[in-house]
Amino acid sequence: MSVTNDTQVSRAETGYAIFAGATNGIVDYERIREIADSLVPFGRFVGVTITEVGPDRAVVEIPDSENLTNHLGTVHAGALFLAADIASAAAAAGAVAPRLARVEYMVVRDARSTFRKPAAGRIRAIATVDEREVRRVLASDAPEQFDLDARARLYDDADGLVARFHFEFACKILAG
């Protein structure tokens, strides 16, 4: 079965347990990407696409769409935030992949943004997470609550930096 950005996941399948098949034994990052790309209805509605998930980063794209612009014709700050949020969550999923199916929750506790210049056209969000905290969480099988920092950089088609985001996630992971 292939999951696409048009696929809707049923409520019975939501949550991080849906990733179990992609994280048992050898981690399948492409399958994690496919599942994560299908999970956020608002992201699908807007057309945000997760193009890469790995242990070190995730990449998300915002399409070049008039529907995502503001009154000045540049990409709306809300669309930029959405891409950064989804990229950061996908980067966190890739980073904790060996224990991903055991995550009970991961929610944004705090977010900060710095806009560098007006964004136009297709935008890529490239996100990473704090490797030290990930190593610590992966070194244990214990249940715990933890914070995870993520950073996203957003670039236009000319590879110009248009914005930076920092997210603090509050997470809880079950034993195993």
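Student: Before we get to Glu 133 and Arg 136, what counts as a salt bridge here?
Tutor: A salt bridge is a side-chain nitrogen of Lys or Arg within 4 Å of a carboxyl oxygen of Asp or Glu, and please keep in mind that this is a predicted model.

Student: OK, how far apart are the closest N and O atoms of Glu 133 and Arg 136?
Tutor: The closest N and O atoms of Glu 133 and Arg 136 are 2.8 Å apart, and the two residues form a salt bridge. Both belong to helix α5 (residues 131-138), where being three residues apart separates them by about one helical turn.

Student: And is Glu 133 buried or exposed?
Tutor: Glu 133 is buried, with a relative accessible area of 18%, while Arg 136, with 37%, is partly exposed.

Student: Switching to helix α2, which residue does Arg 33 pair with?
Tutor: Arg 33 forms a salt bridge with Asp 37, with 4.0 Å between the closest N and O atoms. The two residues lie four apart in helix α2 (residues 29-39), about one turn of the helix, and both of them are buried. Salt bridges that share partners also join Glu 30, Arg 33 and Asp 37 into one network.

Student: What about Asp 157, where's its partner?
Tutor: Asp 157 forms a salt bridge with Arg 122, the closest N and O atoms being 2.7 Å apart. Asp 157 sits in the loop between β5 (144-155) and β6 (161-173) and Arg 122 in the loop between β3 (103-115) and β4 (123-129), so this pair ties together parts that are 35 residues apart in sequence. Asp 157 counts as partly exposed at 49% relative accessibility, and Arg 122 counts as partly exposed at 27%.

Student: How many salt bridges are there in the structure?
Tutor: The structure holds 16 salt bridges.

How values were computed. Residues are numbered from 1 along each chain as its sequence is written. This is a predicted model: local features need pLDDT of at least 70, side-chain atom pairs count only at pLDDT 80 or more; totals for chains, interfaces and linings use all residues. Side-chain values use heavy atoms; hydrogens and water are left out. Buried means under 20% relative accessible area, exposed over 50%, partly exposed in between (1.4 Å probe, protein chains only).
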